[in-house]
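Please work through the exercises below with the sequence and the three-dimensional view side by side. Each task is followed by a solution that goes step by step.

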Amino acid sequence: MVGGQIRYSIPEEMKKGSVIGNVAQDLGLDLKRLRSGRARIVTGENIHYTELKTDKGTLVVNERIDREQLCGDVTPCSFSFEVILENPMELHRITVEVLDINDHAPVFPNKDESIRLEISESAVVGVQFPLQSADDLDVGQNALQDYVLSPNENFILKQHSNPDGSKYVEMVLQKPLDRERYPHFSLKLIAVDGGTPQRSGTVNIDVTVLDANDNAPVFNQSVYKAAVIENTAKGTKIITVNATDADSGSNGLITYSLSKTKGSAADIFNIDENTGTLSVSGQLDYEKDRKYEVRVEAKDQGGLTGTSKVIFDVFDVNDNSPVINIMSFSSPVSEAALPGTTIAILNIKDADSDKNGQIKCSVDGKLPFKIESSLTNYYNLISDQPFDRESVSEYNITITATDFGSTPLSSSTTLHLKISDVNDNAPLFDKNSYSAYITENNSPGVSIFAVSAKDSDWNQNARISYILEDTQITGSPVSTYVSLNSETGVLSAIRSFDYEQIKQLQLVVKAQDGGSPPLSSNVTVKVMIQDQNDNPPQVLYPVQTGGSLVAEMVPRSADVGYLVTKVVAVDVDSGQNAWLSYKLQKATDRALFEVGLQNGEIRTIRQVNDKDVVKQRLTVIVEDNGQPSRSATVIVNVAVADSFPEVLSEFTDFTHDKEYNDNLTFYLVLALAVVSFLFITCLVVIISVKIYRWRQSRILYHSSLPVIPYYPPRYSDTLGTGTGTGTLQHVYNYEVCRTNDSRKSDCKFGRAGSQNVLIMDPSSTGTMQRIQCERSILDEPDSPVEVSPII
């Protein structure tokens with residue numbers, strides 16, 4: 001502990017923010033020390049008159065300081081407080097003396113009411129008449145200094161001083177009164193102070209001259225003294241004063257009263273106007289006022305008055321228990337703290353005096369702590385032995401303060417001190433590595449797995465945070481795939497995984513405790529992505545288009561097992577989700593064709609005969625083995641014929657009677673357009689567009705554009721005889737041109753590698769035939785296709 005004391009003097013009523021002094025410079029402290037030590041002001045008062053600016057080290061005014069409110073008439077006026085710094089602890093006392101300024105003028109108690117005096121004309125020269133005293137809250141030279149009476153022939157002023165330095169005044173008759181000449185006097189009493197500029201207060205004095213009472217009451221003592229114990233009950237009689245009047249009759253009857261006095265004495269005591277007995281009427285508190293002084297007036301019926309003084313000495317009783325204030329308390333304390341470490345700073349005060357205010361402080365029980373005194377009313381709680389958190393993790397410290405009164409009073413407070421741990425254990429996982437599984441197409445944010453580690457330390461040292469180490473997965477940060485809850489260790493997916501793109505994630509998770517310095521350990525987590533049947537099969541051949549029909553030709557001489565074509569499909573899933581099976585869903589003649597379950601080959605199951613229709617339509621469904629399974633369908637058109645003319649006649653029968661219908665439709669549409677134009681103008685634009693499109697279709701109708709087929713390259717038959725399994729290695733695009741009358745054809749004919757493929761345009765009389773042998777396709781897959789038109 002380090003301590004120091006400094007003292008400043010400032011005038012009252014300084015503006016808020018005014019600098020009182022440089023505490024850092026006066027105490028020899030560095031500004032960094034003020035900030036690091038969390039320097040702060042500690043005061044037992046409710047009002048904080050000052051503020052410490054730790055960034056500048058200056059002490060400034062925080063609240064308006066009124067010396068009269070703070071100290072009353074006590075001089076010198078000062079207040080003290082302490083500045084506490086920590087790490088290490090320092091305690092410095094600062095005393096600020098408040099200097100008086102002349103900010104109050106003398107004020108009479110009843111300035112708005114005149115002082116009314118009734119004086120007998122027989123009053124002898126030299127008789128004194130007590131007047132009200134003015135109050136000036138200032139002190140010293142700024143306090144009340146003098147009284148001035150307005151000029152007159154009969155009265156002068158005589159000033160007196162009380163033991164406390166205050167002044168009171170009496171008006172003295174210097175010339176006999178003549179009621180018949182002057183029955184009434186109006187005077188002014190002016191009270192002035194000694195400040196600069198000088199201030200004053202005024203009260204009017206109304207004097208009424210009475211007739212024939214020439215003896216004033218006289219007290220048997222000029223000063224009375226009495227002792228009273230604080231906390232005396234209200235109504236308790238203390239002392240009786242006595243005054244006599246030599247007059248007789250009504251001029252000899254005396255009444256007692258208390259003069260207006262400075263301070264609170266008038267509220268504490270009252271007097272019986274007939275007997276002169278003074279009794280307690282308010283609360284006596286030794287800690288507030290130790291002495292009271294009142295003036296007693298005895299007044300006869302003729303208006304003559306005598307005065308005396310009564311002084312009350314208040315004696316202390318032990319009625320205040322010690323008050324314990326915790327100025328600073330450090331908890332928790334490290335178990336490595338050495339004996340002699342300051343745990344807390346206590347401020348203990350007892351408002352009583354002498355032995356009633358003396359205090360002894362102790363720690364209850366057998367605990368490794370002791371109390372040491374530092375500054376006045378300050379005590380330090382320090383450790384007496386080394387700590388062992390594993391044996392005792394916390395202490396309940398009861399501190400008792402007892403005074404030395406005849407009947408001792410005590411108070412106590414309890415501090416709950418926790419012993420903090422030292423970080424000496426790293427977190428440990430229960431396994432060396434973890435494996436987790438998640439199905440693809442998961443929802444973002446779904447939990448995958450939870451890792452868990454344990455730390456045998458306590459509190460912050462055992463508080464584990466889980467951290468995902470920054471690694472790369474396929475060139476991207478692992479944080480773009482998964483997230484890790486730092487508190488629970490729950491591993492969650494940030495995105496939806498696709499098994500076809502990534503099959504496994506390998507992560508490194510670090511468990512780190514909250515100690516200083518922190519300790520940590522790592523574990524490897526492998527996240528396996530499981531495939532889901534989320535992709536249907538894709539048919540590569542035959543290609544389905546909305547253009548010209550492509551049909552596979554089967555000669556009528558085909559035997560049983562004749563390979564018509566092969567349906568080729570792939571599934572990007574894996575495992576059993578990619579196992580494909582082929583089934584014939586619909587067929588013009590189910591007894592003629594069958595589809596290989598595993599290879600997709602379409603073959604004849606009987607001998608083709610003349611009764612079989614030329615146009616055959618097969619619907620093949622391709623289905624994978626997933627749960628649930630997904631499928632795709634493909635339509636295969638087959639032409640059963642030995643020659644191309646036979647096929648053409650089958651696919652072009654419905655195209656020859658269309659011209660008449662088309663001409664009729666043209667006139668109907670034209671008539672409708674004329675009528676619509678007369679009613680709704682806006683429909684003209686719409687119908688014109690339709691007519692334009694219709695005319696475009698007519699142009700295509702009369703054109704004879706050839707249809708050029710495009711065959712998928714790299715389609716091969718492994719056996720070379722049309723009986724093997726064909727494959728397509730890539731995805732291919734096919735283009736076809738068709739006329740508007742080709743809608744009568746609902747098939748597109750294609751051929752396997754060893755067969756002829758026929759493509760026809762029903763609106764034309766010409767045909768195109770591509771004849772290419774199977775061997776040339778196998779040997780030269782990238783060679784251009786040769787097309788020869790046949791007229």
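**Exercise 1. State which residues Phe 429 touches, leaving aside its neighbours within four places in sequence, and place Phe 429 in a nonpolar core.**

Step 1. In this predicted model, once the neighbours within four places in sequence are set aside, Phe 429 is in contact with Tyr 434, Val 451, Ser 452, Ala 453, Tyr 466, Val 509, Ala 511, Ser 521, Asn 522 and Val 523.

Step 2. Phe 429 belongs to the largest nonpolar core, which has 27 residues, and it is listed among those with the most contacts inside that core, together with Tyr 466, Val 482, Phe 497, Leu 505, Leu 507 and Val 525.

Step 3. The elements that give two or more residues to this core are strands S33 (433–439), S36 (464–468), S39 (482–484), S40 (490–493), S41 (504–513) and S42 (520–530).

**Exercise 2. Describe the protein chain as a whole by its helices and strands, its buried share and its contacts.**

Step 1. The protein chain holds eight helices and 56 strands.

Step 2. Of its 791 residues, 43% are buried, and the chain exposes about 41500 Å², of which carbon and sulfur atoms supply 49%.

Step 3. Among the contacts with a separation of 6 or more, 68% are between residues that are 24 or more positions apart.

**Exercise 3. Decide whether Glu 90 is buried or exposed, and find a partner for its side chain.**

Step 1. Glu 90 is found in strand S7, which covers residues 90–99.

Step 2. The relative accessible area of Glu 90 is 9%, and because buried means under 20%, Glu 90 counts as buried.

Step 3. The side chain of Glu 90 is joined to that of Arg 33 by a polar contact of 3.1 Å.

**Exercise 4. Examine the salt bridges of Glu 97 and Arg 38, and say which parts of the chain each pair links.**

Step 1. Side chains of opposite charge can pair when their charged atoms come close. In this model the count comes to 20 salt bridges.

Step 2. One salt bridge is formed by the side chains of Glu 97 and Arg 7, at 3.6 Å from N to O. This pair links distant parts of the chain, with Glu 97 in strand S7 and Arg 7 in strand S1 (residues 2–11), 90 residues apart. Glu 97 is buried, since its relative accessible area is 17%.

Step 3. Another salt bridge joins Arg 38 and Glu 86, whose closest N and O atoms are 3.1 Å apart. Arg 38 lies in the loop between helix H2 (31–36) and strand S3 (40–42), while Glu 86 lies in the loop between strand S6 (77–85) and S7, so the pair ties together parts that are 48 residues apart in sequence.

Step 4. Arg 38 counts as exposed at 54% relative accessibility, whereas Glu 86 counts as buried at 9%.

Step 5. Glu 13, Arg 64 and Asp 66 are linked in a network of salt bridges.

**Exercise 5. Find where the cis peptide bonds before Pro 332 and Pro 628 lie.**

Step 1. The peptide bond that joins Ser 331 and Pro 332 is cis, with omega about 5°, and Pro 332 is found in the loop between strand S24 (323–329) and strand S25 (333–334).

Step 2. A cis peptide bond also joins Gln 627 and Pro 628, with omega about -5°, and Pro 628 lies in the loop between strand S50 (615–624) and strand S51 (631–640).

**Exercise 6. Locate Asp 354 and Thr 474, and give the phi angle of each.**

Step 1. Asp 354, a residue other than glycine, has a positive phi near 55°; its place is in the loop between strand S26 (342–349) and strand S27 (359–363), and at 64% relative accessibility Asp 354 counts as exposed.

Step 2. Thr 474, too, has a positive phi, near 50°; Thr 474 is found in the loop between strand S37 (472–473) and strand S38 (476–477), and is exposed with a relative accessible area of 65%.

**Exercise 7. Which residues form a nonpolar patch on the surface with Phe 679?**

Step 1. Val 675, Leu 678 and Ile 680 form the patch with Phe 679, and the four have about 450 Å² of accessible area together.

Step 2. Phe 679 is found in helix H6 (residues 658–679) and counts as exposed, at 69% relative accessibility.

Definitions and conventions:
Residues numbered from 1 in each chain as written. Predicted model: local features only at pLDDT ≥ 70, side-chain atom pairs only at ≥ 80, totals over all residues. Heavy atoms only, no water. Helix = DSSP H or I, 4+ residues; strand = E, 2+ residues; numbered from the N terminus. Buried < 20%, exposed > 50% of the residue type's maximum accessible area, 1.4 Å probe, protein only. Polar contact = N/O pair within 3.5 Å; in protein donor to acceptor, adjacent residues only side chain to side chain. Contact = heavy atoms within 4.5 Å. Areas by Shrake-Rupley, 256 points an atom, 1.4 Å probe, with all protein chains shown as cover. Patch = residues over 30% accessible without salt bridge, like charges linked within 9 Å, V, L, I, M, F, W, Y side chains within 5 Å. Core = buried A, V, L, I, M, F, W, Y, C linked by side-chain atoms within 4.5 Å.
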